[in-house]
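Trainee: I have a new model open and would like to learn how to read it. Could we begin with the rings?

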Amino acid sequence: MTSTHTLAIPGGRLHYEVRGAGPVLVVTGAPMAAADFAPLAEAMAGDYTVVTHDPRGISGSVLHDPTQDSTPELRADDLALLLDTLGVESADVFGSSGGAVTGLALVARHPGRVRTLVAHEPPSLELLPDAADQRAATEDIIATYHRDGVWAAFAKFMATAGFDQGDEGAPAGPPGEPTEQMLADSARFFAHELRGTTRYVPDVAALKAAPARVVVGIGDESGGLVTYRTSVALAELLGTAPTEFPGDHGGFIGRTEEFAAVLRKVLAG
């Protein structure tokens with residue numbers, strides 16, 4: 001059974017969903033919404049109280065000022081407020097893609113609130129040796145969106161990230177006829193979220209000093225993706241080895257049950 005809720009956050013409101021029972025596990029993405037994680041949440045709900053949400057400005061989480069940029073810091077503060085609302089001091093967190101960056105910011109800004117963070121393929125481009133080239137490519141994607149629209153930007157994003165056009169787990173949503181909401185969420189991603197997420201530099205010293213255990217997750221089919229490189233770079237800075245998960249960047253969609261089994265094992269320590 002899933003219950004849906006609304007939480008007031010600075011500048012807007014946050015849509016979140018709760019299912020299952022047990023220790024709290026927050027599952028977060030950016031720009032992926034709660035619906036994208038529903039299969040994984042269902043798979044984990046037998047062992048955890050799984051909390052999913054639409055990140056600020058996406059889908060059901062509406063901002064008073066829709067032009068406000070979404071940053072990892074703002075999203076991390078939203079999650080801390082969500083934990084307050086749930087009445088829990090700390091929780092396990094699984095973050096994928098931009099949600100992994102949110103999780104890193106959460107540990108750095110609110111270190112006592114996270115027990116274990118599984119940061120699955122964070123697009124932390126600033127950690128790469130070719131960060132300047134990656135930054136320029138990101139700016140080109142954003143400029144393409146403003147000039148040519150969502151689909152032109154999405155095609156360029158997919159190519160730059162290393163995706164094949166058929167890969168699942170990409171920001172613009174699954175293939176098929178796009179809904180108005182999908183188009184709106186994609187537009188927000190390119191105009192107000194992509195830059196802030198990819199330019200965020202994880203505070204490695206804070207991550208090491210925090211009581212949280214930080215696990216970097218990497219897809220066993222992600223070798224051609226830029227997020228493979230960023231995940232390896234982050235793990236090296238933390239002095240740990242990345243943990244392999246089934247599938248690629250969207251493994252939690254394409255191989256949900258296998259993915260959930262690995263996630264349970266990782267969270268159990």
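Mentor: Gladly! By the ring rule, ten aromatic pairs are counted here. Rings of Phe, Tyr and Trp (its six-membered ring) pair if their centres lie within 6.5 Å; planes under 30 degrees apart are stacked, over 60 edge-to-face, and the rest tilted. One of the pairs is tyrosine 145 with phenylalanine 190, stacked at 6.1 Å centre to centre and 25° between the planes.

Trainee: Why does the pair of tyrosine 145 and phenylalanine 190 tie parts together?

Mentor: Tyrosine 145 sits in helix H4 (residues 131–148) and phenylalanine 190 in helix H6 (residues 180–199), so the pair links parts that are 45 residues apart in sequence. Helices (H or I, at least four residues) and strands (E, at least two) are DSSP runs, numbered from the N terminus. Before we go on, a word on the source: this is a predicted model, where local features need pLDDT of at least 70 and side-chain atom pairs count only at pLDDT 80 or more, while totals for chains, interfaces and linings use all residues. Residues are numbered from 1 along each chain as its sequence is written, and side-chain values use heavy atoms, leaving out hydrogens and water.

Trainee: Are tyrosine 145 and phenylalanine 190 buried or exposed?

Mentor: Both tyrosine 145 and phenylalanine 190 are buried. Buried means under 20% relative accessible area, exposed over 50%, and partly exposed in between (1.4 Å probe, protein chains only).

Trainee: Which residues form an aromatic cluster?

Mentor: Phe37, Phe94, Phe245, Phe252 and Phe259 form one. Phe94 also belongs to strand S5, where it shares a buried side with Asp92 and Ser96. Ala91, Val93 and Gly95, on the other side of S5, are buried too.

Trainee: Which strands pair with S5?

Mentor: Two strands pair if DSSP finds at least two bridges between them. Strand S3 (residues 24–28) runs parallel to S5, joined by four bridges, and strand S6 (residues 114–120) pairs with S5 in the parallel sense over five.

Trainee: How do I look for empty space?

Mentor: Rolling a probe the size of a water molecule over the atoms shows where empty space is left. On a 1 Å grid over the protein atoms alone, a cavity is a set of points where a 1.4 Å probe fits but cannot get out, and lining residues have an atom within 4 Å of a point. The largest cavity holds about 290 Å³ of space. Of its 25 lining residues, Pro123, Phe157, Ala161, Leu194 and Thr198 are the closest to its centre. H6 gives the most to this lining, with five residues.

Notes: 1 Å grid on protein atoms, 1.4 Å probe; cavity = no way out; pocket = protein on both sides within 12 Å on 5 of 7 lines; lining within 4 Å. Points joined across faces, edges and corners; volume = space filled by probe spheres on them.
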